[in-house]
Amino acid sequence: MRGIRLFRTVQVKLIIIYVLLILIAMQLIGVYFISTMKTSLAASFTNNLNEQTNMLTVLVEQTLGSAEREQNEVPDEQLGDDLSSLLSSLFNFSQADIQILDASGRVLATSNAQQSYVGRKNTTLAVSRALQGIRENEQDIVDEDNVRKKVIARPAFDNGKVVGAVYIVASMKELFETVNRINRIFMSGMLIALGLTGILGILLAHTITNPIKGLTRQAVAVAEGRFDHKVPVYGDDEIGQLSHAFNNMTGRLQEALSANEEEKEKLASILANMSDGVVAADENNRVILMNRRAKEMLEVKEGTGTPLSELIGISDEKVTELQMGVEHSTVIRKELEGDEDEWLLRITCTPISRRDKTMAGTIAVLQDVTEQEKMERSRREFVANVSHELRTPLTTIKSYIEALDDGALEDRELAGRFVGVIRGESERMIRLVTDLLHLSRLDSNQAPLRRKAVHVRELLEEVSDRFSFQMRQKSIGSSVLIENGIENIWIDRDQIDQVLDNLMSNAIKYTMDGGHIEIAARKPDAGSISISVKDNGIGIPSKDLARIFERFYRVDKARSRNAGGTGLGLSIAREIIKAHGGTVELESEWNEGTTVTFTLPTLHEGSQGS
């Protein structure tokens, strides 16, 4: 496997390509060169042999022609000797057999190696064709020793008559040995060239593959998230330009990933800290993401993979309607255990679209609108209460004015009583409007605190003195208790007087004759002072305790209204205490009494008000 992987590397491929290119080129050149050289040598050998044959044929024609003209006066032995002398003196063919034949095909003379053939007839096809007067008689043969030979038979004419023939068989062994030597030399040169090419290929491939390896290593490092290294640039060639471009790409990719991670962290932080719940679902409406607030709202630990409709508790048809925009949002209600109130959740679904306009998923935004609904309900109740509180005295005033207009004005005693009622209702409306304006200023922080050092004992004793006449009328006893160590407190005297007046007024109002009211100041810790007003009156039912500080809320509505209250006193008291940075608490039991305690921080001169 390692060897197979090695052959897949670029370096080995480049070396193989170089070697194959050189090998193919050398093979083509070798085939062409050797083939051409072989053809040239063979042609040169054949031409040389033909020239020698033609020359010998001319001499044979002269010798045999003159012998025939002398009418055979020359003996055959002498003629053979003359021709043999001619062959030995003028024609010395190495590795060639030469025969001179007469017109009948009988061998008259031959080369030294063929003396035994003298006097015999040569019956070969080439000789037969030559004796028939055919000049072109050439052929290549391979003998029993596997030696290639050239055969030429050429007729000898005298006055147009065939008087004999020349028959030559020349060995081509030296020619082919020369070709083979050249072929071996060429193969050796080719092998040397291939070796040098392989070495140069390794060096050249190394110069190409080294930068590529560097690019590969850097690409792996970038894939693993390491951007601190750069690819070395070795030149301005294509690989150098690629390395430079890769470094630029790495830098830009690092910047893009950093920006993406930053945006991702911002998005994750936003999702995690949103007051609204966010649920993301895929195209199959299965949850893929939930933020922490959504898990808290839906009371689940992990909702990934759950169908969206099952998670938020609505039907699939309703989810589809929200996705398609048939309804903008829907509200689901859930009863809370051990409480009369209910929990309200508004769900808004927005589809996520791909570029091809198909839906890729859904984003569901969950909003807890319980407090919003409570505030809306309180606003409606507030408007209704204000309308009711104003309508009652206005109706009374209108009724008495109409009675005066109808003749009651003539009766001075009756008219005076009606005017007194009208005056009382007008003062009641003025108190109501004044309280509303005071609450409005407190809500909008338009009632700045004018703090100053106030002696606590003096503050509480003055409150008791202001209400002493009313308490004597109902035979209500009172006491002021100051814990040791309490002296001054840094407060707005007028506003705290208003709080204490309201608490004392309520305590006197709801305490039976002969009861008792206690005003006390204590120090629960080093940084605060608690002031309480305690009575043993009728108390407040437990069902009303949670709403006692709401605006216009009355435990006994008819009795409170007849007593002249506006239903805003405790609300104003709570807002004043909050403005001082304190808290107020109320404890009560039906027919046992009520204790209202407010705690203020012990600030010093120079401290800023809330």
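# Buried residues, salt bridges and sheets

Student: Is S530 buried or exposed, and what is its relative accessible area?
Tutor: S530 is classed as buried, a term that stands for under 20% relative accessible area, with exposed meaning over 50% and partly exposed the range in between, for a 1.4 Å probe and protein chains only. This is a predicted model, in which local features need pLDDT of at least 70 and side-chain atom pairs count only at pLDDT 80 or more, whereas totals for chains, interfaces and linings use all residues. Residues are numbered from 1 along each chain as its sequence is written, and side-chain values use heavy atoms, with hydrogens and water left out. The relative accessible area of S530 is 13%.

Student: Which residue has a side chain joined to that of S530 by a polar contact?
Tutor: S530 lies in strand β15, residues 528–535, where strands (E, at least two residues) and helices (H or I, at least four) are DSSP runs numbered from the N terminus. S530 touches A520, A521, R522, P524, T597, F598 and T599, leaving aside residues up to four places away in sequence, and contact here means heavy atoms within 4.5 Å. A polar contact is a pair of N or O atoms within 3.5 Å; within protein, one must be able to donate a hydrogen and the other to accept it, and residues adjacent in sequence count only if both atoms are side-chain atoms. At 3.0 Å, the side-chain partner of S530 is T599.

Student: How many residues apart in sequence are the parts that the salt bridge between K150 and E138 ties together?
Tutor: A salt bridge is a side-chain nitrogen of Lys or Arg within 4 Å of a carboxyl oxygen of Asp or Glu, and the closest N and O atoms of K150 and E138 are 3.9 Å apart. K150 lies in strand β4 (residues 148–158) and E138 in strand β3 (residues 138–142), so the separation in sequence is 12 residues.

Student: Which residue also forms a salt bridge with K150, with N to O at 3.3 Å?
Tutor: K150 counts as buried at 10% relative accessibility, whereas E138, at 33%, counts as partly exposed. The further partner sits in strand β3 while K150 is in strand β4, so this pair ties together parts that are 10 residues apart in sequence. That partner is partly exposed at 43% relative accessibility, and the residue meeting K150 at 3.3 Å is D140.

Student: Which residues are joined into one network by salt bridges that share partners?
Tutor: The side chains of D497 and R466 meet in a salt bridge, 3.7 Å from N to O. D497 lies in helix α14 (residues 493–509) and R466 in helix α12 (residues 456–466), so the pair ties together parts that are 31 residues apart in sequence. D497 is buried, with a relative accessible area of 12%, while R466 is partly exposed at 37%. The residues joined into one network are E462, R466, R493, D497 and D501.

Student: By how many degrees are neighbouring strands turned against each other on average in the sheet β12-β14-β15-β17-β16, direction ignored?
Tutor: This open sheet has 5 strands with mixed pairing, and two strands pair if DSSP finds at least two bridges between them. β12 (477–482) and β16 (583–589) stand at the edges with a single partner strand each, so one side of each is left without a neighbour in the sheet. Axes are lines fitted to C-alpha atoms, for helices over the stretch in contact, and angles run from 0 to 180 degrees between N-to-C directions. With direction ignored, the average turn is 15°.

Student: Which residue of β14 stands opposite G477?
Tutor: β12 pairs with strand β14 (residues 516–525) in the parallel sense, over 6 bridges. Opposite G477 in β14 stands H516.

Student: Which residue of β2 is the bridge partner of I100?
Tutor: A further open sheet has 5 strands in the order β2-β1-β5-β4-β3, with antiparallel pairing. β2 (107–110) and β3 stand at its edges, each with a single partner strand, so one side of each is left without a neighbour in the sheet. Strand β1 (residues 96–102) runs antiparallel to β2, to which 3 bridges join it. The partner of I100 in β2 is A109.

Student: What share of the residues in the chain is buried?
Tutor: The chain holds 17 helices and 17 strands. Of its 610 residues, the buried share is 37%.
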